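Please examine the structure displayed below. The explanation that follows concerns the packing of helices and the surroundings of aromatic rings.

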Amino acid sequence: MNNEPILRRKIYQEVVDRLVQRIRAGEWRPGDQLPSERDLMDSYGVGRPAVREALQDLARSGIVEITHGERARVVVPTADLLIEQIAGGAQHMLRMEPGMLEHLKDARVFLEAGLCKMAAQKATPADRERLLARWEAHHAALDEMDQFLHRDMLFHREIASISGNPIFPSIVEALFNWAGEYYQNIVRAPGSEQLTLAEHRRIYEAIATGDGDGAAQAMRDHLLRANVLYRQDETQTSR
């Protein structure tokens, strides 16, 4: 016998469920606006707070987009948007949970080495051209640290994009950004910018020549070298 108590749902959750059902049924398509808050209040017999909380919940889930002064609009959830929803929690976890940064770094090595091997196997001439352009843009930002960091991420994301799977680039960017506060001090270390560029160049060349194992190893070497510096930076920060 199930003796668990029956939980009372909040009114806004019922509104969320009904709106989601109507969206999934095709009543509103991507790009369509939902009815006004007043119309939703009248339709469901609820107050404005319940409607607003329901719409905010849908926005957090990436189902609708809310723009000030306009009605909520249905959108197609993307991997970028969905992963962005958990960014704050992920960064909090890294700060609060001892050892979690190590797990994140291990995940990056495993994922990105595999993506490099895949990229070497799948890259078209156009893919190789775009990746080289990313490297050149990264090199051009040597004297602009904020841009250098951003273009570093774009190089890694471009490799993931070659897979053809839109989830991989989003995950790669998220892992890069979640560890960003630790990463900045590493990249600013004397000589590290040139070393990063040289490592990226080796990764690019292995991918461009179709050397999957070489590309994977070059990425492992790159990330593991950075991981050592992560640990050194963490030790210095904790003193």
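**Helix packing and aromatic rings**

In this predicted model, helix H8 (residues 145–161) and helix H9 (residues 167–178) cross at roughly 150°, and their axes come within 8 Å. Because angles over 145 degrees count as roughly antiparallel, H8 is roughly antiparallel to H9. The crossing in which H8 passes H9 is right-handed.

On the H8 side, the residues that meet H9 are Leu-149, Asp-152, Met-153, His-156, Arg-157, Ala-160 and Ser-161. Their counterparts in H9 are Phe-168, Pro-169, Ser-170, Val-172, Glu-173, Phe-176 and Asn-177. By character, the residues of this contact of H8 with H9 comprise seven nonpolar, four polar and three charged.

H8 also packs against helix H7 (residues 125–140), here at an angle of about 165° and with the axes 9 Å apart. This angle makes H7 roughly antiparallel to H8. H7 passes H8 in a left-handed crossing, whereas the crossing of H8 with H9 is right-handed.

H7 contributes Arg-130, Leu-131, Arg-134, Trp-135, Ala-137, His-138 and Ala-140 to the contact with H8. From H8 come Phe-148, Arg-151, Asp-152, Leu-154, Phe-155, Glu-158 and Ile-159. The residues of the contact of H7 with H8 divide into eight nonpolar, one polar and five charged. Asp-152 of H8 appears in the contact with H7 and also in the contact with H9.

Trp-135, one of the H7 residues in contact with H8, leads to the aromatic rings. Which residue lies over the face of Trp-135? Arg-201 does, at 4.8 Å from the ring centre. How many aromatic pairs does the structure hold? The number is zero, although Phe-148 and Phe-155 of H8 take part in the contact with H7, and Phe-168 and Phe-176 of H9 in the contact with H8.

Key:
Residues numbered from 1 in each chain as written. Predicted model: local features only at pLDDT ≥ 70, side-chain atom pairs only at ≥ 80, totals over all residues. Heavy atoms only, no water. Phe/Tyr/Trp six-rings, centres within 6.5 Å; stacked < 30°, edge-to-face > 60°. Lys NZ or Arg CZ within 6 Å of the ring centre and 35° of its normal. Axes fitted to C-alpha atoms, helices over the stretch in contact; angles between N-to-C directions. Helix = DSSP H or I, 4+ residues; strand = E, 2+ residues; numbered from the N terminus. Parallel < 35°, antiparallel > 145°, perpendicular 65-115°, else oblique. Left-handed = near helix turned anticlockwise from the far one by under 90°. Contact = heavy atoms within 4.5 Å. Nonpolar A, V, L, I, M, F, W, Y, C, P; charged D, E, K, R; others polar.
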